[in-house]
Amino acid sequence: MINLGVIGYGSRMHGLVSTVFRRVDADVRVVGIVDPDEAGVRARLEPRDQDAVFHESLDEMVRAGGLDGLAIGTRCNLHAPYAIQAAEYDLPLYLEKPVAISMQQATDLERAFRKTACSVVVSFPLRVSPLCVLARQYIEEGAVGSAVHVTAVNYVPYGTVYWEAPYRNWEITGGLFLQKATHDLDYLMYLMGSPIVRVAAMAARGHVFGGTKASGLICSECDEQETCLESPQNRQRNGSTGVYQDHPCVFSVDCGSVATHLNADASSTLVEFGSGAHGAYTQVCYARRDAATRGATVSGYLGTVTFDWYTNELRRVRHHAPYSATERASGNMSHFGGDLELARDFIGLIKGTATSRTPIETGLRSVYACLAASESADNGTFVPVRQVSL
Ligand SMILES: NC(=O)c1ccc[n+]([C@@H]2O[C@H](COP(=O)([O-])OP(=O)(O)OC[C@H]3O[C@@H](n4cnc5c(N)ncnc54)[C@H](O)[C@@H]3O)[C@@H](O)[C@H]2O)c1
């Protein structure tokens, strides 16, 4: 049996435990939980986990004994505070992203992990997804020569979620660089084999989502639900991606304002790598349906490697020979197969048979790059990225 202690057993953690971790090892059990919403958690827990004991604190849960690993699945603002506590123990830790939402949290977290026996799997499924790993393999084998440039895009077809509670709450997420780009900037560092050292970013806010609709407004109480493209009935009628249930208004003052905080409809980040290569990453959160695309194009003098997770395709072009190749991955797995890979690492860490491919420094590097992008978008300047020294 693999006994897990979970801090924050919400929908993400439930999905991971019940459909991903247990695919790797059916003997995973949730035996301890720290979560103030016991009723909500019990409604999610599978019958085999109903004996789990609820604890007041992480410390109390660890002291109760019998744990083989910890998993933190709270909302973003609590990842770092709980991870700092977890660093006290010699237990493998699965940690949701972003690992921190402020510079203070990130530097405190880095300090906590300078001296610890706690090994971490940061929840970065894209980095370990088979398609991304294959692209990196080709790059390492010389498919592009020395990697000079990368272009990466993320046209998010489910982006309305960022203006429907609670992702629209800046105090919880710190904005969409940390919430969304943290994945992409992480896998770009992996692909390019080099950390991001400097960024310049721009963000478009208030063009699409956010607005002046009343606080607390939900579709079922709105007199525009027949015409609004975001009402459940119109999303359904138009085959538009997003939830089809009644939901908070994405044009409400509750989304924040340009003057204070408001999630960006779209943003672009110029990134410079330690190797001297550079590139650009753009995320567009109002895209829908077939506009979905997420992936990267890496090039050098000898060739180009490009892939897209939505088409599940990778293409290699030799610049100086008459050959190009397209490879298609099969399957339709959670986070493009990346969640399963993370689960393999985590369970392997617990059993002593694997090491983490997404250790704490990957989470920290990405957070430092995202914080720099956020600062740059606010100030209009190039911002150096703090480097991790563990
Ligand atoms: N890695 C990925 O690809 C990925 C995908 C989806 C979500 N996420 C991340 O997962 C996290 C959780 O998202 P979710 O949709 O499951 O949210 P959720 O609200 O469903 O779950 C959060 C849980 O934390 C609990 N909680 C609240 N306060 C707490 C406290 N003080 N101590 C302990 N638990 C507390 C809540 O009761 C809830 O059960 C978010 O940070 C999100 O960014 C990551």
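This is a tour of a predicted model, from the ligand outward to three points in its loops.

Residues are numbered from 1 along each chain as its sequence is written. Local features need pLDDT of at least 70 and side-chain atom pairs pLDDT 80 or more, totals for chains, interfaces and linings use all residues, and side-chain values use heavy atoms, with hydrogens and water left out.

**Stop 1: the ligand and its shell**

Select the ligand and the 26 residues around it (a residue is near a molecule if one of its heavy atoms lies within 4 Å of it). Arg12, Asp35, Tyr82, Glu96 and His335 come nearest. By type, the shell has nine nonpolar, ten polar and seven charged residues (Asp, Glu, Lys and Arg count as charged; Ala, Val, Leu, Ile, Met, Phe, Trp, Tyr, Cys and Pro as nonpolar; the others, Gly among them, as polar).

**Stop 2: polar atoms by the ligand**

Show Arg44, where a side-chain N or O atom is 3.3 Å from an oxygen atom of the ligand. At Thr74 a polar backbone atom is 3.4 Å from a ligand oxygen, and at Gln179 a polar side-chain atom lies 3.2 Å from one. The protein buries 81% of the 860 Å² that the ligand exposes when taken alone (areas by the Shrake-Rupley method with a 1.4 Å probe).

**Stop 3: the wider setting**

Colour helix H1 (11-24), helix H4 (79-86) and helix H9 (176-192), the elements that each give two or more residues to the shell (helices, H or I, have at least four residues and strands, E, at least two, as DSSP runs numbered from the N terminus). Why does the ligand lie between domain 1 and domain 2? Domain 1 (2-125 + 345-350) and domain 2 (127-209 + 261-329 + 358-384) both give residues to the shell, so the ligand lies between them (bounds from an automatic or database domain assignment).

**Stop 4: three loops**

Go to Pro98, in the loop between strand S5 (93-95) and helix H5 (103-112). A cis peptide bond joins Lys97 to Pro98, with omega about -15 degrees.

Next, select Pro166, between strand S7 (149-155) and helix H8 (170-173). The bond from Ala165 to Pro166 is cis, with omega near -5 degrees.

End at Arg289, in the loop between strand S10 (278-284) and strand S11 (293-299). Arg289 is not a glycine, yet its phi is positive, about 50 degrees.

Key: Polar contact = N/O pair within 3.5 Å; in protein donor to acceptor, adjacent residues only side chain to side chain.
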